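Subject: Structure for you to look at

Hello,

Here is the structure I said I would pass on. Please open it next to the sequence, then read the notes below.

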Amino acid sequence: MFGECHAHIIMDGKNYKAAVSLHRDGVKDGPIREHFEAWQQAGVTFVRDGGDALGVSARAREIAPEYGIDYRSPIFAIHKKGHYGGIVGHAFRDRQEYRELVQRARREGADFIKIMISGLMEFDRFGVLNEEGLSAEEIREMIEFAHDRGMKVMAHGNGDGPARAAVEAGLDTLEHGDYLEQDTLDMLAESHTIWVPTLAPTGNLLGCGRYPDEQVEQILRRQMRCVRYVFEKGGRLGLGSDAGAYLVPHGQGLLDEYAWMKQAVGPENVPELDRRLEESEEWIKKEMKR
Ligand SMILES: [Zn+2]
């Protein structure tokens, strides 16, 4: 079984506010153990978390060996104040505060640095993000600083501009990456950046009734076409489901993600897809480690 390269153990796939609030007065092992059991049942032995502001993923990393799981955490994600990312980490206002957060993550034992460089998709409107994201210059500096401190970088990045800037700056793994344009896809395919396109959080919304299906369908189809394009150009792809996101349960979410990925590249390409996913996972295991 493949590893889960993008999960949020603090969330439960149902209601993130309720899931997060369980840990408000201190981290509770109960929900963490439930999620580990789900992964164990799915045969998952490697998990990379996206971090959180409450220390849940840090605690999870301590418990993981009991479940035979190699678990990696950035401890918390880093976002710019006033931008998306509050539920998964801490905010900086300027360059100095960003640097302090990177140093703090290192001190707290982060396996890698997780940064938020863009907003989220509006699932009821194809083509729309809830914010523009950070500037190219800022993104470049953020990645370079972490690299200079010997840390690999995982970036939440949607929208062409932020993703392009991050790939140009030598980003290690690009998460989501919805709405990329062809030039950026070409650059991504030729770079060493591993792309984790997280199809499940979109695909699993189909038929749920929360958003108009025709909008969700357009978002999903576009992303699947982009995955196929990068695949055909020889790019590096990683398997991560964003488990914990709405309708993406831990364990099952990864199986869903794999099914969407296979659909994206086409059945004839599955053996090569498997080879690439394994290669990416091996790289992450080896390099994104404290
Ligand atoms: Zn995520």
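Seven strands make up an open sheet with parallel pairing, in the order 5-4-6-7-8-9-10. Strand 5 (89-92) and strand 10 stand at the edges with a single partner strand each, so one side of each has no neighbour in the sheet. Helix 9 (residues 213-232) packs on the sheet and touches strand 8 (173-176), strand 9 (194-196) and strand 10. The direction of helix 9 makes about 160° with that of strand 9. Please keep in mind that this is a predicted model.

For one pairing inside the sheet, look at strand 6 (residues 113-116) and strand 7 (residues 153-157), which pair in the parallel sense over four bridges. Ile113 stands opposite Val153 in strand 7. As background, strands of a sheet pair through backbone hydrogen bonds, either parallel or antiparallel.

Next, helix 2 (residues 29-42). With 14 residues at 1.5 Å a residue, helix 2 should span 20 Å, and its end C-alpha atoms are 20 Å apart, which agrees. The buried residues of helix 2 are Pro31, Ile32, His35, Phe36, Trp39 and Ala42. Seen down the axis of helix 2, these buried residues fall within an arc of 140°, so they line one face of the helix. The general reason for such a pattern is that an α-helix has 3.6 residues a turn, so residues three or four places apart point the same way.

What do the buried residues of helix 2 pack against? Their partners are strand 1, strand 2 (46-49), helix 3 (56-63) and strand 3 (70-72). On the face turned away from the buried side, helix 2 carries the exposed residues Glu34 and Gln41. After helix 2 comes Gly43, with a positive phi near 80°.

Last, the zinc ion. Its protein donors are His6 (NE2), His8 (NE2) and Asp242 (OD), which lie 2.0 to 2.1 Å from the ion. Along the chain, the donors follow the spacing H-x1-H-x233-D. The pair His6 and Asp242 links distant parts of the chain, 236 residues apart. His6 is in strand 1 (residues 4-7), while Asp242 is in the loop between strand 10 (236-237) and helix 10 (252-265).

Are these two donors buried or exposed? His6 counts as buried because its relative accessibility is 0%. Asp242 also counts as buried, at 11% relative accessibility, because the cut-off for buried is under 20%.

Regards

Definitions and conventions
Residues numbered from 1 in each chain as written. Predicted model: local features only at pLDDT ≥ 70, side-chain atom pairs only at ≥ 80, totals over all residues. Heavy atoms only, no water. Donors = N, O, S within 2.8 Å, 3.2 Å for Na, K, Ca; no water. Helix = DSSP H or I, 4+ residues; strand = E, 2+ residues; numbered from the N terminus. Buried < 20%, exposed > 50% of the residue type's maximum accessible area, 1.4 Å probe, protein only. Expected span 1.5 Å × (residues − 1). Arc of directions from axis to C-beta. Contact = heavy atoms within 4.5 Å. Pairing = 2+ DSSP bridges. Axes fitted to C-alpha atoms, helices over the stretch in contact; angles between N-to-C directions.
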